[in-house]
Amino acid sequence: MSDQPVENPQSEEVKQEEEKKEENEQKEEIKQEEEKKEETKPEEPKQDEKKDEVKQEEKKDEVKDEKQEEKKDEVKEEKKEEVKDEKKDEKKDEKKDEKKEDKKDEKKEEKKDEKKEGEEEKKEEEKKEGEEGEEGNKEEENKEEENKEENKEEILNMEEEIINADEEKEENDEDEKYEDKLYDYNGKQVRPNLLKFDVTNKIKQRSFELGFESLKKFTAEKEMSEYVKEQLDNEFLPEWQCVIGKDFSVAFSFEVENFIFFQIEDCYFLFYKL
């Protein structure tokens, strides 16, 4: 016979019981863990709820602050409007005062005008009364004055004739002097050749002098003309026209006693006023 192990039925039962205990213990541990988890879970939502409550309170505070600011702005605007209204009222009062003052001034001016008119009427009446009394005397005085004036006119006419005769003599003498006068130019004595003229002796002499001065100071004909024109405008009133050159042709009109045309050596000078 072979030997075979024989199992004890009681030992198997013990094993089974032990396994069941272990299973039960494991289940209890699992349950305990789940219970612990469940206990910890509600704490988190509570914290979230607190946070939400805090946020809501902050929002409420913000809304309150906004409302307060709006109220402040409204109060400021109301004050501004009040100030504007006050200024408008002040302007209205000022305009009223100005109108009152204008009316007062108008009344004063009217009174002044009335006084002036009254005074003028009185003066006119007095003048009329005086004129009526003086008319007879004035007629006699006028006759005497007319006779005196006639005598004066005769005397003045005689004096003018004498003066004109003297001036003609002086002009003739001066013409001879100016035509014979020599000027220093390039180390020699030069006499200007007077071709045509209709000017006074003073302008004639000054024109000769300016012709020699321009030849000495400048070489360009344009500069010479500008210099002479400036001097003539200053001394004998504008507007003088000056043409200077060795060869030129021109057609023009001029004022009476304001034209001269002469020659210095090979250069010609034409001065006239429009």
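Leaving aside neighbours within four places in sequence, with which residues is Leu232 in contact? In this predicted model, in which local features need pLDDT of at least 70, side-chain atom pairs count only at pLDDT 80 or more and totals for chains, interfaces and linings use all residues, numbering runs from 1 along each chain as its sequence is written. Side-chain values use heavy atoms, with hydrogens and water left out.

Beyond that sequence window, Leu232 is in contact (heavy atoms within 4.5 Å) with Leu210, Leu237, Trp240, Cys242 and Phe271. Leu232 is also listed with Val228, Phe269 and Phe271 as having the most contacts inside the largest nonpolar core, which has 23 residues; such a core is a set of buried Ala, Val, Leu, Ile, Met, Phe, Trp, Tyr and Cys residues joined through side-chain atoms within 4.5 Å, where buried means under 20% relative accessible area, exposed over 50% and partly exposed in between, with a 1.4 Å probe and protein chains only. At least two residues of this core come from each of strand S1 (183-185), helix H3 (201-217), helix H4 (221-236), S4, S5 and strand S6 (267-273), the elements being DSSP runs numbered from the N terminus (helices H or I, at least four residues; strands E, at least two).

Within H3, the buried residues include Ile203, Phe208, Leu210, Phe212 and Leu215. Across the protein chain, 15% of the 274 residues count as buried, and the secondary structure comprises 4 helices and 6 strands, arranged along the sequence as α-α-β-β-β-α-α-β-β-β.

Phe252 lies in the loop between strand S4 (240-245) and strand S5 (258-264), and counts as partly exposed because its relative accessibility is 31%.
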